[in-house]
Amino acid sequence: MKTLQFGNGDQMPILGLGTWKSAPGDVYRAVKEALRLGYRHIDCAAIYGNEPEIGQALHESFKEGVVHRDQMWITSKLWNNSHASEDVQPALEKTLADLHLGYLDLYLIHWPVVIKKGVVFPESAKDLIGLDVLPISETWKAMEGLVDKSLCRHIGVSNFSIAKLQALLDNAKLKPEMNQIELHPYLQQSAMLDFCSKNGIHLTAYSPLGSSDRPPGMKVKGEPVLLQEPLIATIAKRCGATQAQVLISWAIHRGTAVIPKSVNPERMKQNLGAAEVSLTQNDMEELAGLDRNRRYVSGDFWSPEGSPYTAANLWEE
Ligand code: A2P
């Protein structure tokens, strides 16, 4: 499998297993099966509420000799209520304990959004704190400390705009090595791709299949369904692959990591097989024409009335 190369020589398998929306009851079996199938990259986050089950699966798989820890790439993410410098390391330590790991390969700031300590998800603006009060630079300094202590090998961000990445690059001691963002043919973010490639920042594509299992509150009536896009069906037929494989392969062809979520053994196998699917330049050009700036994860849940966060200042497009 192709890998993304990091400055210190580490290599991240370009295709990983996503675990957002994987229910605690399903994810243990899914991760065990994924490792048997050959997945070597698992994408996690504290807020997904399933790290203990993923940790159990990892621990057992290491013990059973299915795979060694050092053959795996494990990412997790700092939740928004732990941005204060004194909260960052305890948050990572909780994730490490849940995942049964001594270190992470990659730790990301999940959102450029701050929630009050003790609140998991904001019910109103009073649960949110502006970045002018608790700036990303403070959180980043604490993230840098985690690398110094060997609790994680790499640090990065998620859901960051180009402007926020630039601000971080201007001030960071350790530059962010990853931005994990929503990427698929309906949201191609070509300017971000260019910016990151020029600045040595890797991208990971989340929601590569359109995340149709999002909670109903995150869906918009009549939204286009990525897996039902006719052009993708046509290309899939042409190259003897499935629609999901075309979407995953598209991300790989653009040089981004990609983390399709599945808890179904057949679909996990199919998705892993996408690493072998070749798209032609013509396929890629046709797919480029599907771009329509359609976010499935709009971030509007950070913008209750009176919130310091708006779609405009979050994405800065
Ligand atoms: P399941 O977990 O039952 O396989 P995303 O990665 O964009 O968040 O999309 C995840 C959604 O896509 C889930 O509903 C998942 O269901 C479904 N899915 C995963 N792999 C495939 C596939 N190969 N074909 C169709 N749907 C898939």
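In the account that follows, Ala, Val, Leu, Ile, Met, Phe, Trp, Tyr, Cys and Pro count as nonpolar, Asp, Glu, Lys and Arg as charged, and the others, Gly among them, as polar. With these classes in hand, the largest pocket of this predicted model makes a good starting point. The residues of its lining divide into 18 nonpolar, 16 polar and 6 charged.

The space in this largest pocket comes to about 810 Å³. The lining comprises 40 residues, and those closest to the centre of the pocket are Trp20, Lys21, Ser207, Ser211 and Asp213. Two elements, α8 (243–253) and α9 (265–273), give two or more residues to this lining. Of the elements, α9 gives the most, with 3 residues.

Helix α9 deserves a further look through one of its residues, Leu272. Leu272 has a relative accessible area of 14% and is classed as buried, because this value falls under 20%. Beyond its neighbours within four places in sequence, Leu272 is in contact with Met1, Leu15, Leu37, Gly38 and Tyr39. For one of these partners, Tyr39, the separation in sequence is 233 residues, while the C-alpha to C-alpha separation from Leu272 is 7.2 Å.

Attention now turns to the sheet. It is open and built from 8 strands with parallel pairing, arranged in the order β3-β4-β5-β6-β9-β10-β11-β12. At its edges lie β3 (17–18) and β12 (257–258), each of which pairs on one side only. In general, the strands of a sheet pair through backbone hydrogen bonds, either parallel or antiparallel. Strand β3 is joined to β4 (residues 41–43) in the parallel sense over 2 bridges, and Gly18 has Asp43 of β4 as its bridge partner. Helix α3 (residues 85–99) packs on the sheet, where it touches β5 (73–78) and β6 (104–109). The direction of α3 makes about 135° with that of β6.

Helix α3 also takes part in the second largest pocket, which has a volume of about 340 Å³. This pocket is lined by 21 residues, and Ala46, Trp79, Asn81, Ser82 and Lys94 lie nearest its centre. Two or more residues of the lining come from each of α2 (51–63), β5 and α3. The largest share, 6 residues, is that of α3. By class, the lining of the second largest pocket holds 9 nonpolar, 6 polar and 6 charged residues.

Technical notes
Residues numbered from 1 in each chain as written. Predicted model: local features only at pLDDT ≥ 70, side-chain atom pairs only at ≥ 80, totals over all residues. Heavy atoms only, no water. Pairing = 2+ DSSP bridges. Helix = DSSP H or I, 4+ residues; strand = E, 2+ residues; numbered from the N terminus. Contact = heavy atoms within 4.5 Å. Axes fitted to C-alpha atoms, helices over the stretch in contact; angles between N-to-C directions. 1 Å grid on protein atoms, 1.4 Å probe; cavity = no way out; pocket = protein on both sides within 12 Å on 5 of 7 lines; lining within 4 Å. Points joined across faces, edges and corners; volume = space filled by probe spheres on them. Buried < 20%, exposed > 50% of the residue type's maximum accessible area, 1.4 Å probe, protein only.
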